[in-house]
Amino acid sequence: MTDNYLFSRLTAYAEAHPDKPFAEQPSQPSQSYGETLQNALHLAAVLTEAGLTPGDRVAVQVEKSLTAIELYLATVAAGGIFLPLNTAYTASELSYFLTDASPGIVVCDPAREAEITPLAGKAHVFTLAANGKGSLTGALSDAVITPVPRNADDLAAILYTSGTTGRSKGAMLSHGNLFSNAESLQGYWQFTDQDVLIHALPIFHTHGLFVATNIALVSGATLHFLQNFSPESIIAALHRATVLMGVPTFYTRLLQDPRLTPELCANMRLFVSGSAPMLVDTHEQWQARTGHTILERYGMTETNMNTSNPYSGARRPGTVGLPLPDVELRIMDSDGEVAQGEIGTIEVRGPNVFKGYWQMPEKTAEELRADGWFITGDLGIIDDHGYISIVGRGKDLIITGGFNVYPKELESLIDDIDGVLESAVIGVPHPDFGEGVVAVVVPSDKALTTEAVQAVTTEKLAKFKQPKHILLLPELPRNTMGKVQKKALREAYANLFT
Ligand code: AMP
């Protein structure tokens with residue numbers, strides 16, 4: 001049998017169980033595995049006819065839809081490299097990604113076609129709307145392709161992570177990376193084709209695209225596919241679903257709803273949280289309100305999932321559990337591995353770890369050691385039971401509503417504004433988003449206003465990155481080495497949103 005990893009697994013399952021629902025959506029007929037496979041093979045023919053050859057990038061900025069999932073499957077079936085882009089990215093942000101990745105095909109929302117086409121270079125531009133309409137599906141014919149065989153090391157996707165230096169890095173993920181992690185999680189979390197997984201995450205990020213979607217594909221499970229998160233739609237689905245995968249914000253919002261009861265969750269077997277730290281308090285409240293213990297796991301774009309609290313066995317709030325069965329993990333400082341119980345930088349190695357950053361060999365060499373260990377940049381500690389806790393982020397990353405914001409990118413933008421001397425961007429506790437972005441700006445011109453700064457951030461940045469608060473200070477706190485003391489700023493403004 002020729003191998004195309006996830007796609008081969010999908011093919012085998014769909015041929016054996018063509019009528020099994022792959023996805024159900026509120027007030028729409030469910031879509032079977034057989035239909036999903038056929039749709040993906042037809043879409044793959046459209047891509048191939050538009051000139052896609054193995055190894056070409058397919059850059060996709062579209063609203064969440066089942067067709068968008070089929071486009072991901074079609075791309076890997078055709079041997080292409082799927083490159084999803086956050087729907088919130090502005091034209092100036094997209095311009096960088098499209099230039100850097102030089103895709104052969106770009107798929108965008110019809111409403112943005114005129115704006116994006118000039119940025120797409122020589123790429124063939126298709127459109128796809130949330131309702132499945134557009135020139136992509138308009139080009140469908142009877143044609144299908146035979147899936148292109150791939151090796152484990154061949155690339156299946158590139159996901160951009162904002163760089164700490166402000167430049168985004170494209171994490172190259174292979175077929176072997178995605179498939180091994182999906183299989184590992186399937187076993188660890190005991191997924192079967194009896195599962196109904198509530199999918200309310202965006203599909204341009206590793207959590208929604210890979211963790212949630214790939215696990216369903218390798219298990220033959222059914223996705224309860226929602227356009228986005230709303231407490232209303234989750235509450236409506238809980239009685240017939242078995243698993244929910246979410247970011248901590250999902251859980252804190254659901255806890256505010258009086259309809260959340262043990263009875264409502266009686267059919268559920270698993271609640272998973274990740275992408276950002278969950279407060280112990282949230283774990284405890286969830287347990288009290290539903291009788292279920294949330295399972296927290298830890299991963300990132302470059303590595304897929306690394307650790308998880310156990311399915312059977314103690315789930316410890318405030319920890320991200322144990323390394324997955326095929327993942328090695330160690331805690332390092334500049335002298336090597338730290339003693340048990342000490343804080344250091346988390347490094348991981350395994351079949352889940354990416355192949356490096358797209359066209360950035362120096363960055364790759366800085367973070368991915370020659371012997372396969374990836375330096376995550378997260379600070380962690382291992383307790384007496386072997387459970388890992390994330391205690392901080394070396395990278396200064398802000399996570400707001402499950403999305404990453406790298407301060408450096410905002411600081412560079414703000415520092416360029418007329419009348420600004422310098423700036424520091426920090427994350428402080430926010431009751432709804434986990435962290436809220438705050439920009440502290442030092443004016444060089446007394447006439448500078450926060451409105452002037454905001455006008456630029458609103459124009460240039462995706463909404464999730466825009467500061468929720470901008471304040472002007474005469475100077476930034478610094479240590480004797482001249483380094484800005486972000487910790488002091490975080491402490492000073494810790495209660496801004498609470
Ligand atoms: P991303 O690449 O967008 O998935 O972001 C990865 C980063 O999110 C990691 O490097 C961690 O800093 C953070 N992260 C993911 N899961 C957790 C978790 N359960 N607890 C704390 N931080 C997490």
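User: Let's start with rings. How many aromatic pairs does a search of the whole structure find?

Analyst: There are 17 aromatic pairs in the whole structure. Keep in mind as we go that this is a predicted model.

User: How do I read the geometry of one such pair, say Y5 and F179?

Analyst: Look at two things, the distance between ring centres and the angle between the planes; planes over 60 degrees apart count as edge-to-face. For Y5 and F179, the centres are 5.9 Å apart and the planes stand at 70°, so this pair is edge-to-face.

User: Where do Y5 and F179 lie?

Analyst: Y5 belongs to helix α1 (residues 5–16) and F179 to helix α7 (residues 175–188), so their pairing ties together parts that are 174 residues apart in sequence. Y5 and F179 are both buried.

User: Can you give me another case to practise on?

Analyst: Gladly! Try Y251 and F271, an edge-to-face pair with 6.3 Å from centre to centre and 75° between the planes. Since Y251 sits in helix α10 (residues 248–255) and F271 in strand β12 (residues 270–273), the pair ties together parts that are 20 residues apart in sequence.

User: Are Y251 and F271 buried or exposed?

Analyst: A residue counts as buried when its relative accessible area is under 20%. Y251 has 0%, so Y251 is buried. F271 has 1%, so F271 is buried as well.

User: Which residues do ring pairs link into a cluster?

Analyst: Y89, Y96, F97 and Y160 are joined into a cluster by ring pairs.

User: Rings can also have a charge over them. Where should I look for that here?

Analyst: Go to W373: the charged end of R330 sits over its ring, 4.1 Å from the centre. Then visit F433, where K468 lies over the face of the ring at 4.4 Å from the ring centre.

User: Now the backbone. Why would a positive phi catch my eye?

Analyst: Because most residues other than glycine have a negative phi. In this model, N304 has a positive phi of about 55° although it is not a glycine. Q359, also a residue other than glycine, has a positive phi near 55°.

User: What are the surroundings of N304 and Q359?

Analyst: N304 is in strand β14 (residues 304–308), and with a relative accessible area of 2% N304 is buried. Q359 lies in the loop between β18 (344–349) and α12 (361–367). At 54% relative accessible area, Q359 is exposed.

User: Let's finish with the ligand. How many residues surround the ligand, and which are the closest?

Analyst: The ligand is surrounded by 17 residues, and the closest are H205, R297, T301, D378 and N404. By class, this shell has seven nonpolar, six polar and four charged residues.

User: Which elements supply at least two residues of the shell?

Analyst: β13 (295–300) and β20 (388–393) each do so. The largest share comes from β13, with five residues.

User: And how should I read polar contacts to the ligand?

Analyst: Note which atoms are involved, and whether the protein side is backbone or side chain. A ligand nitrogen is 3.0 Å from an N or O atom in the side chain of E296. With R297, a polar backbone atom is 2.8 Å from a nitrogen atom of the ligand. With N404, a polar side-chain atom lies 2.8 Å from an oxygen atom of the ligand.

User: How much of the ligand's accessible area does the protein cover?

Analyst: On its own the ligand has 500 Å² of accessible area, and the protein covers 95% of that.

Key:
Residues are numbered from 1 along each chain as its sequence is written. This is a predicted model: local features need pLDDT of at least 70, side-chain atom pairs count only at pLDDT 80 or more; totals for chains, interfaces and linings use all residues. Side-chain values use heavy atoms; hydrogens and water are left out. A residue is near a molecule or strand if one of its heavy atoms lies within 4 Å of it. A polar contact is a pair of N or O atoms within 3.5 Å; within protein, one must be able to donate a hydrogen and the other to accept it, and residues adjacent in sequence count only if both atoms are side-chain atoms. Accessible areas come from the Shrake-Rupley method with a 1.4 Å probe; for residues, only the protein chains shown count as cover. Helices (H or I, at least four residues) and strands (E, at least two) are DSSP runs, numbered from the N terminus. Ala, Val, Leu, Ile, Met, Phe, Trp, Tyr, Cys and Pro count as nonpolar, Asp, Glu, Lys and Arg as charged, and the others, Gly among them, as polar. Rings of Phe, Tyr and Trp (its six-membered ring) pair if their centres lie within 6.5 Å; planes under 30 degrees apart count as stacked, over 60 as edge-to-face and the rest as tilted. Buried means under 20% relative accessible area, exposed over 50%, partly exposed in between (1.4 Å probe, protein chains only). A charge sits over a ring if NZ of Lys or CZ of Arg is within 6 Å of the ring centre and within 35 degrees of the ring normal.
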